[in-house]
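Colleague: Walk me through reading the strands and helices in this one, please.

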Amino acid sequence: AATSQAMVFQRPHMLRTSVLRFVALGLWLQGVPWREAHTQAMHALVRVGLEDMAERSARTLSGGQQQRLALARAWALQPNFVLLDEPTSSLDPHAKREVESLIAEFTGAAASRMTLIWASHNLGQVKRLASRVLYLQGGRIVADLPVDDFFNAAELSKRSPAAHAFVQGELS
């Protein structure tokens, strides 16, 4: 049974269990029988390149590996929406590229019904990975544009002067 959403935090909380059980537990809580949950969890670990660490404690993984594990758990649930809270902000450049690659893979799959919604202050990342940008200021949406329009200075300055000022580095 598919869940409607999953959440990946900036610093995911790791349970005191193995990498494999960390993913399987999410599936089991959704009603998947334990053996099948293990099989699906291993498939998710393969998808993010962590299959060799299946028996390691989730808490011993590096920050980038923990973020990939959190993505594996979210992906295994096959949700309609995955909410990501600055998923790469605390990662080194190599880990950041790995996580970005997975995000692009998840959204780019032809059969994907998964929509990723993430908070980011990294404009380069937004430009590379997003298809649509919602720019919030003071808790309100002040721009809602396709990514190409958001990064087109002439278009953005017409549609949202506040968002244009932010992109130009005039607002923080």
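Modeller: Two strands pair if DSSP finds at least two bridges between them; strands (E, at least two residues) and helices (H or I, at least four) are DSSP runs, numbered from the N terminus. This is a predicted model: local features need pLDDT of at least 70, side-chain atom pairs count only at pLDDT 80 or more, and totals for chains, interfaces and linings use all residues. Residues are numbered from 1 along each chain as its sequence is written, and side-chain values use heavy atoms, leaving out hydrogens and water.

Colleague: Which residue stands opposite Trp118 in S3?

Modeller: Strands of a sheet pair through backbone hydrogen bonds, either parallel or antiparallel. Here S2 (residues 81–85) and S3 pair in the parallel sense over five bridges, and Leu84 is the one opposite Trp118. The open sheet runs S1-S2-S3. S1 (5–8) and S3 each have a single partner strand, so one side of each lacks a neighbour in the sheet.

Colleague: Which side chains of S3 are buried?

Modeller: Leu116 and Trp118, on one face, are buried (under 20% relative accessible area, 1.4 Å probe, protein chains only). Thr115, Ile117 and Ala119 point to the other face and aren't.

Colleague: At what angle do H1 and H2 cross?

Modeller: Two packed helices are described by the angle between their axes and the distance between the axes. H1 (residues 19–29) and H2 (residues 34–47) cross at roughly 120 degrees, their axes coming within 8 Å; axes are fitted to C-alpha atoms over the stretch in contact, and angles run from 0 to 180 degrees between N-to-C directions. The pair is therefore oblique, as it is outside under 35 (roughly parallel), over 145 (roughly antiparallel) and 65 to 115 degrees (roughly perpendicular).

Technical notes. Buried < 20%, exposed > 50% of the residue type's maximum accessible area, 1.4 Å probe, protein only.
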